[in-house]
Amino acid sequence: VSIQRSIEEEHGIYCNFTGSISIGGPSSLEQDGDFFDIGSQQLVAVRLLVDYINRYQCGITSGDQNYKLQLLTYDDQSSTNWTTTIANQYLQTMDIWLGGYSSTLTSPLAEASVDANKLLLAPGAASTPVFRDRDSVFGTFPPTAKYLAKAIEGLANLDDGPKTLATLWEDLSFTRGVCAAAPDLAEQNGMKITSQQVLPGENNVEDLVPLAQKLAEEDPDVVISCVYDCAPWMKAMRNVSWSPKAQVFTVCVGLQSFLEKVGSDTDYVMGVTPWDASLNISDAVTGWSAEDFAKKFREETAREDVTYHPASAAAVISILAQTLENAEISTLDTNNNETFTDVWSDYIRNNSFRTMYGQISFDENGQSLAPSLLIQYDGSSTGTVRTVYPNETSSGPILYPMPSWDRRDCLKLSDCEISSGGINFCDEDGYCVCADTDFYEPVGKGTTAQCVPAEDFNYILEGLKVMSYIEVGLLLLFCGLALFWTLYHRKNTLVRVSQPIFLQILILGSAISSLSILAVGIEAGYREEDSATAIALADAGCMGFPWLWGLGFAITYSALFAKVWRVKRLYRAAHRARRKQVMVKDVMMIMMVVIFVEVVILLIFQFVSPLRWERYVLQDINGYTVSSVGRCNSDYGWTFMAALVTFNVSCLIYALVLCWQTKDLPSDFSERNHIFLSVMFKFQILILAIPVTIMVKSDPNTYFFTMVSAVFLQHCTVLAIIFLPKVIRIYKGEDTEVTIANTIHRTMTARRLNTESSFQNASHPSQSHRFTESHESIFASGSSHHPSRLESKKPSLDPSEKELSNSDSGHFPSILETEKLSIDLGEREQSNDVGGKTQAEEKSGDQSPQPVASFDDEKSSDGSCASFYSKDGDDVLPKEGEEKKQASPSGSNSPLMHEDPEQFGLTRQDKSFC
C-alpha cells in the first residue's frame with residue numbers, strides 16, 4: 001500500500017519536493033488477525049501525521065529542500081514468518097522502517113533492520129530484548145521491566161491496600177517480559193507473589209476457567225494479566241463468579257473492542273499506559289496537544305476510545321520528522337562508512353522529543369524513559385477511562401477494592417435503586433438493601449437484585465392462635481374437672497347409673513381430640529429454605545391432626561355408643577324374660593373394634609401417603625414470590641381423610657339409630673336424651689365442617705378457625721350435655737335412689753296409662769270415665785305419694801287396690817329401690833339366673849305370662865313387694881300412692897279398683913317382685 005498525497009490544488013500551496021523519503025513496514029491488515037485492532041489504529045495515527053506533514057509543511061525540510069514522506073505498508077497477517085519475509089524482500093530499499101504492533105512481530109523486524117543497517121522506529125514493542133544491543137532500533141513504549149512500576153507502586157501506596165499479587169501471561173515476548181518484572185516490583189513495594197501462571201494452550205475461555213478457579217482458591221488481592229486479548233480472562237472470572245480486588249491489564253484498557261466484548265464488566269478494571277489524552281503537552285511538529293490528537297483520531301475513526309497505542313505511533317512520526325530536520329547530515333563521515341542511519345540514531349539517542357505522546361527520551365537500550373501511567377475505567381459503564389496514578393497527572397482516585405461481580409451487576413444492571421420507590425442501595429455482596437423494610441424485602445442477587453413487596457406467607461393470625469390455645473386449655477380444664485367430679489362422686493347413685501367407666505373413657509377421648517387443635521396451628525416456610533427441624537415439626541403437625549382427632553373421636557364415640565348399646569341389650573333380655581348380664585368387658589370389645597378400625601385407617605394413611613407440609617406460591621413479581629400459602633398435602637390425602645370421615649359418620653348414624661330404638665326407656669336410666677343430643681351434635685358439626693373446610697381451604701385463617709371451632713364444639717357440647725345435668729341434679733339433691741325411682745316410675749306410668757286408656761275404651765266403654773279420673777288422680781298426686789308406698793312394711797298389696805297397667809309396646813316397669821338389684825347395671829353381677837318357673841307359673845301352669853323383668857326372690861330390706869296382674873301376657877303394676885289403701889280390699893277408696901280386677905279379664909300373679 002503506497003500512500004502519496006498532494007496538496008497543491010486543495011490548499012493553493014505549491015510544494016516543490018526535491019525528493020521523497022520512504023518509510024513503512026509490516027502491519028496487521030487482516031481483520032481476523034490477532035493484532036489487527038491495535039495495529040490498524042497505529043496505522044491510522046501514522047497516516048494522520050504523514051498527511052499533515054506532507055500537506056501543511058510541504059514534507060520534511062532539510063536545508064532549503066523539501067522531501068515528501070512516502071508511506072508503504074505490507075500485511076504481515078499477524079505472523080512472524082510473514083514479517084521476516086517482508087523485511088527481507090520488500091524493505092531493503094526503504095529508507096526508514098516502521099515496526100508494527102507487538103514485541104513478537106517487531107523482534108524479527110529489528111533483527112533484519114540491523115542486518116540491513118536501517119533505522120527502525122517501533123511504536124508497538126516494549127520487550128527489552130527487541131532493543132538490546134541494537135543501536136538503530138528505538139521504541140516509544142516503556143521497557144517491560146518498568147511497565148508495571150507505577151501500577152504496583154500506586155496500589156501499594158493505598159491505605160489498606162493490597163498485600164498479595166498473582167500474575168498470568170501469554171507466552172509471547174512482550175507479555176512474558178512485562179509479567180516477569182512483577183515479582184521484583186512487588187517485593188520493592190512490600191507485596192507478596194502468590195503465583196505466576198502461564199496461559200495453558202490458547203487464550204480462550206475454556207482453557208482459562210480452570211486457571212480462574214485456581215486463582216479463586218488462592219484469592220490474591222491483585223491479578224496482573226499480561227495478554228493481548230483480555231476478554232477471555234474476564235469471561236473466565238465471570239464464569240467462576242470470582243474477581244480480585246484489583247484487575248490490571250497491560251494492553252486492553254481503553255480499547256473499544258475490549259468494551260464491546262465485555263461491556264459493563266470493564267468497570268473498575270485497571271490498565272497500564274504510557275499516555276493519556278489529559279496530558280498537558282503539545283507536539284513540536286504539528287502543535288497538537290494530547291487532546292487535539294485524540295479529537296482528530298476520533299473524527300478519523302469514529303472511535304470513542306483513544307489509547308496510547310495510536311498516540312505512540314503518531315509520536316514515532318513526530319520524532320522522525322524532528323530527527324530528519326534537525327540532524328546534521330552535513331557532518332556525515334563517509335570515509336568511516338558512516339551512514340544516515342548512524343547519524344539519525346545518534347541524534348535520537350542523545351535528544352529529548354516533545355510530542356503529543358509526551359516528552360520522549362530513550363535509555364541505553366533505545367526504549368522510552370517516560371513513566372507508565374495507571375489508568376482505570378471509572379465505573380460509569382460508559383467506557384470512560386481516567387488516569388489514577390501518579391497523583392500529579394491523575395484525573396481521579398484509584399477505585400479500590402473492585403466490587404464483586406454481584407455488586408457490580410446490582411449497581412449497573414439491576415432494578416435495586418429504582419424498585420419500591422425508596423432510596424435503596426446495593427451492598428458488597430450484591431444484595432439490594434431496601435429503604436422501607438416494613439413493606440419491602442430484598443430478593444435476588446446481582447442483576448436480579450431488587451426490592452419487592454414483602455412476601456405474605458399468609459400465616460395464621462396470632463389472635464386466632466391465641467384463641468385456639470385458650471380453647472384447648474378450656475377443653476382440657478373441662479376434662480380435668482369432669483374427671484375429678486366423676487371420681488369424687490363415683491359412689492353416688494346417679495353417677496353409678498351413668499356408668500362411671502364410660503364417663504372416664506369419654507373424658508379421655510375428648511382430651512386427646514382437643515390436642516388436635518394444636519397440631520392444626522403448626523406452620524413452616526418452604527421445605528427447601530426452612531430448617532429441617534421446622535419442616536419436621538410441620539410434617540408431624542400434618543399427620544398429628546388426623547391421629548389425635550381420629551383417635552379422640554373414636555374413643556369418645558365408643559363411650560357414648562357403649563352406654564346406649566348396653567342398656568338396649570339389658571332391656572331386650574328383659575323383654576324375653578331372661579336374665580342378662582352385660583359386663584364391662586363385653587362392651588369394651590365393641591369399643592376396641594371401633595378404635596381398631598380407626599387405627600388401621602390411620603396406619604395405612606401414615607405409611608402409604610402421609611400428609612407433608614408444602615408451601616405454594618399464590619403471586620409473584622418477575623419470578624419472586626410476594627404471596628404464598630402453606631398447607632398439608634399428599635397424593636392420596638383426601639382419599640384417606642374421606643375414608644376416615646366416612647367411617648366416623650357411619651358410626652354416628654348407627655348411634656343415632658340406637659338412640660331412636662331406646663327412645664321410650666326412662667331417660668334417667670338410659671341417658672338416651674343426653675346421648676342422643678351428644679351424638680346429634682357431633683354428627684351435625686362434622687357434616688357442616690366438612691364442606692366448609694373444603695370451601696375455605698385456600699384461606700388459612702378461615703380454614704384454621706373452622707377446624708378449631710369444629711373440634712372445640714364437638715367435644716365441649718358432648719362434655720356439657722353429659723355432665724352438666726348430672727352436676728345440677730346432684731347439686732339439687734336429686735341423686736338419691738328414691739328420687740331416681742320416683743322419676744322412672746312417673747315416666748313409665750305415664751306411658752302405660754296411655755295404653756291402658758285405649759285398652760279400657762275397647763273392652764269396657766262404661767269404665768272409660770273412671771280410667772280418665774285415675775289418670776288425673778295419678779298425675780295430680782305427684783311424687784309425694786310414692787315415698788309413702790315405699791315406706792310400707794306390708795308384705796303384699798291387695799289386688800283389688802291395684803291400678804291397671806299395661807306394658808307399652810314391649811317396654812317394661814322400672815325396678816324399685818332395692819339393695820338386691822344395683823342401680824348401676826355395670827357394677828354388680830347378678831348371682832342367680834331364672835332357673836325354673838315362678839310361683840305364678842306353678843299355679844296357673846304354662847299358660848301364665850312370663851315375668852317381664854329380671855328380679856330376685858328375696859324381699860327388700862323394707863319388706864315392700866308388689867303383685868301384678870296379667871292380661872294376655874301384659875303386666876299391670878300397682879299405682880303410686882295406693883299402698884295405704886290395701887287394708888280395705890273390698891270397699892276401698894281406690895279411684896280405680898272398686899270392683900274385682902278379674903272382671904276385666906285380669907289374672908292375679910302370686911309371684912311378686914321386690
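In which loop is Ala302 found? In this predicted model, Ala302 sits in the loop between α13 (290-301) and α14 (308-326). The backbone there deserves a look, since phi of Ala302 is near 65°, a positive value in a residue other than glycine. Ala302 counts as exposed, at 68% relative accessibility. A further residue with a positive phi is Tyr268, where the angle is about 75° although the residue is not a glycine. Tyr268 belongs to the loop between α12 (256-262) and β12 (270-273). With a relative accessible area of 13%, Tyr268 falls under the 20% limit and is therefore buried. The two loop residues thus offer a pleasant contrast in setting: Tyr268 is buried, whereas Ala302 is exposed.

As for the overall setting, the secondary structure of the protein chain comes to 30 helices and 25 strands. The chain has 914 residues, of which 54% count as buried. Contacts across the sequence are well represented: among those between residues at least 6 apart, 72% join residues at least 24 apart.

Two cis peptide bonds invite inspection in the loop that follows β16. One runs from Tyr389 to Pro390, with omega near 5°. Pro390 is placed in the loop between β16 (385-389) and α16 (405-413). The other cis bond leads from Tyr400 to Pro401, and its omega is near 0°. Pro401 likewise has its place in the loop between β16 and α16. In each case a tyrosine precedes the proline, as Tyr389 does for Pro390 and Tyr400 does for Pro401.

Turning to helix packing, helix α10 (residues 205-218) and helix α11 (residues 231-239) pack at an angle of about 55°, and their axes lie 8 Å apart. That angle makes α10 oblique to α11. The crossing of α10 past α11 is right-handed. On the α10 side, the contact is made by Val205, Leu208, Val209, Leu211, Ala212 and Leu215. The residues they meet in α11 are Pro232, Trp233, Lys235, Ala236, Met237 and Asn239. By character, the residues of this contact of α10 with α11 divide into 10 nonpolar, one polar and one charged.

Aromatic residues give another view of the fold, as the structure holds 22 aromatic pairs. One of them is formed by Phe484 and Tyr488, which are stacked at 6.0 Å centre to centre with 20° between the planes. Why are Phe484 and Tyr488 separated by about one helical turn? Both lie in helix α17 (residues 462-488), and the separation follows because they are four residues apart. Phe484 and Tyr488 are each exposed.

The rings of Phe545 and Trp549 also pair, with their centres 6.4 Å apart and their planes at 5°, so this pair is stacked. Phe545 and Trp549 both lie in helix α21 (residues 532-575), where they are four residues apart, about one turn of the helix. Here both partners, Phe545 and Trp549, are buried, whereas Phe484 and Tyr488 in the α17 pair are exposed. Ring pairs extend the arrangement further, linking Phe545, Trp549, Phe553 and Tyr557 into a cluster.

How values were computed
Residues numbered from 1 in each chain as written. Predicted model: local features only at pLDDT ≥ 70, side-chain atom pairs only at ≥ 80, totals over all residues. Heavy atoms only, no water. Axes fitted to C-alpha atoms, helices over the stretch in contact; angles between N-to-C directions. Helix = DSSP H or I, 4+ residues; strand = E, 2+ residues; numbered from the N terminus. Parallel < 35°, antiparallel > 145°, perpendicular 65-115°, else oblique. Left-handed = near helix turned anticlockwise from the far one by under 90°. Contact = heavy atoms within 4.5 Å. Nonpolar A, V, L, I, M, F, W, Y, C, P; charged D, E, K, R; others polar. Phe/Tyr/Trp six-rings, centres within 6.5 Å; stacked < 30°, edge-to-face > 60°. Buried < 20%, exposed > 50% of the residue type's maximum accessible area, 1.4 Å probe, protein only.
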